[in-house]
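Work through the exercises below with the coordinates open. Try each task before reading its solution.

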Amino acid sequence: MASEEVKLIGFWASPYRFRVEWALILKGVEYEYIEEDIFNKSPRLLELNPVYKKIPIFIHNGKVVLESLVILEYIDEIWKNNPLLPQDPYERAMIRFWAKFADDKLVLSAYFAMCSLEDEKVKAEKITIAMEALERIEGELKGKSFFGGESIGYLDLALGWISYWLPVFDEVGSMKIIDPIKFPAIVSWMNRFANHKVIKNKLPPRDKMVIYFQERSKIISATLAKNK
């Protein structure tokens with residue numbers, strides 16, 4: 001399969017891009033990574049993803065696949081080794097449910113809590129939503145090494161950003177969404193996941209992440225304040 005065309009277009013700080021890269025590496029798939037400037041979108045991006053106009057974009061033998069969770073499933077179906085999803089239909093359905101739940105309830109609430117520099121009320125509301133989501137996820141993880149059991153699976157990849165991005169959000173936003181007392185299973189999983197040989201060798205520089213998200217939080221906070 002080394003002769004196949006496998007390309008991934010992404011952005012250096014995007015957790016959605018890293019989901020896909022982690023899956024490809026776990027599967028042993030050779031690929032070409034192409035960096036995209038999401039603040040000055042290229043004609044290539046607009047042509048390949050005219051609907052959402054965002055990354056990641058996955059290209060396999062000329063076929064374009066969009067949306068990171070969809071891409072994960074595509075990769076798992078094309079490359080059968082080291083399966084990410086279980087065979088049981090119900091188990092697969094529940095994994096998809098929790099992946100979407102986290103994207104809907106946790107990602108944006110944590111991000112906007114970080115960006116609510118001028119509005120403590122909004123920040124508190126967003127932190128509450130994020131922590132309520134983590135409580136649900138904590139219940140799904142108890143008693144397991146990984147969401148996938150004893151090895152990294154689809155849901156681990158989908159939620160992997162929690163292990164690295166969420167602590168950065170906490171630092172930048174001067175908040176504490178990740179509480180080891182409230183979420184002991186998640187914190188233990190974070191350490192196992194982030195220290196897995198595939199994951200720890202494929203992460204963006206933390207100091208660069210902190211600077212980037214500090215800048216983004218200031219810009220977004222100012223925009224939100226202006227639009228109030």
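The exercises that follow treat a predicted model.

**Exercise 1. The sheet**

Task: Give the strand order of the open sheet and name its edge strands.

Solution:
- Step 1. The sheet has four strands, in the order S2-S1-S3-S4. Its pairing is mixed.
- Step 2. Strand S2 (32-35) and strand S4 (63-66) each pair on one side only, which makes them the edge strands.
- Step 3. From one strand to the next, the twist averages 20°.

**Exercise 2. Register around S3**

Task: Find which residues stand opposite Ile59 in the neighbouring strands.

Solution:
- Step 1. Take S1 (residues 6-10) and S3 (residues 57-60). They pair in the antiparallel sense, over four bridges. Here Lys7 is opposite Ile59.
- Step 2. S3 and S4 are also paired in the antiparallel sense, over four bridges. In S4, Val64 is the bridge partner of Ile59.
- Step 3. Look at the hairpin of S3 and S4. Two residues lie between the strands, and Asn61 has a positive phi near 50°.

**Exercise 3. Helices on the sheet**

Task: Place H1 and H3 on the strands, then classify their mutual packing.

Solution:
- Step 1. Helix H1 (residues 15-27) packs on the sheet and touches S1, S2 and S3. Its direction makes about 155° with that of S1.
- Step 2. Helix H3 (residues 68-78) lies across S3 and S4, at about 130° to S4.
- Step 3. The H1 and H3 axes come within 9 Å and cross at roughly 10°. H1 is therefore roughly parallel to H3.
- Step 4. List the contact. H1 supplies Tyr16, Arg19, Val20, Ala23, Leu24 and Lys27. H3 supplies Ser68, Leu69, Ile71, Leu72, Ile75 and Asp76.
- Step 5. Sort by class: eight nonpolar, one polar and three charged residues.

**Exercise 4. A crossing of two helices**

Task: Are H4 and H10 roughly parallel or roughly perpendicular?

Solution:
- Step 1. Helix H4 (residues 89-115) and helix H10 (residues 206-226) have axes 8 Å apart, at an angle of about 80°.
- Step 2. Angles of 65 to 115 degrees count as roughly perpendicular. H4 and H10 are therefore roughly perpendicular to each other.
- Step 3. Tyr111, Phe112, Met114 and Cys115 of H4 meet a set in H10 that includes Phe213, Arg216 and Leu224.
- Step 4. The residues of this contact divide into seven nonpolar, two polar and one charged.

**Exercise 5. The setting of H7**

Task: Explain why H7 counts as largely enclosed by the rest of the structure.

Solution:
- Step 1. Helix H7 (residues 165-173) has nine residues, and seven of the nine are buried, so the helix is largely enclosed.
- Step 2. The buried residues are Trp165, Leu166, Val168, Phe169, Asp170, Val172 and Gly173.
- Step 3. Their cover includes H1, H4, helix H5 (120-141) and H10.
- Step 4. Just after H7, Ser174 has a positive phi of about 50°.

**Exercise 6. Aromatic rings**

Task: Classify the ring pair of Phe58 and Trp79.

Solution:
- Step 1. A search of the whole structure finds 23 aromatic pairs. For Phe58 and Trp79, the ring centres are 6.5 Å apart and the planes stand at 80°, so the pair is edge-to-face.
- Step 2. Phe58 sits in strand S3, and Trp79 in the loop between H3 and H4. They are 21 residues apart.
- Step 3. Check burial. Phe58 is buried at 0% relative accessibility, and Trp79 is buried at 4%.
- Step 4. Elsewhere, one aromatic cluster has Phe11, Trp12, Tyr111, Phe169 and Phe213 among its members.

Notes
Residues are numbered from 1 along each chain as its sequence is written. This is a predicted model: local features need pLDDT of at least 70, side-chain atom pairs count only at pLDDT 80 or more; totals for chains, interfaces and linings use all residues. Side-chain values use heavy atoms; hydrogens and water are left out. Axes are lines fitted to C-alpha atoms, for helices over the stretch in contact, and angles run from 0 to 180 degrees between N-to-C directions. Angles under 35 degrees count as roughly parallel, over 145 as roughly antiparallel, 65 to 115 as roughly perpendicular and the rest as oblique. Contact means heavy atoms within 4.5 Å. Ala, Val, Leu, Ile, Met, Phe, Trp, Tyr, Cys and Pro count as nonpolar, Asp, Glu, Lys and Arg as charged, and the others, Gly among them, as polar. Two strands pair if DSSP finds at least two bridges between them. Buried means under 20% relative accessible area, exposed over 50%, partly exposed in between (1.4 Å probe, protein chains only). Rings of Phe, Tyr and Trp (its six-membered ring) pair if their centres lie within 6.5 Å; planes under 30 degrees apart count as stacked, over 60 as edge-to-face and the rest as tilted.
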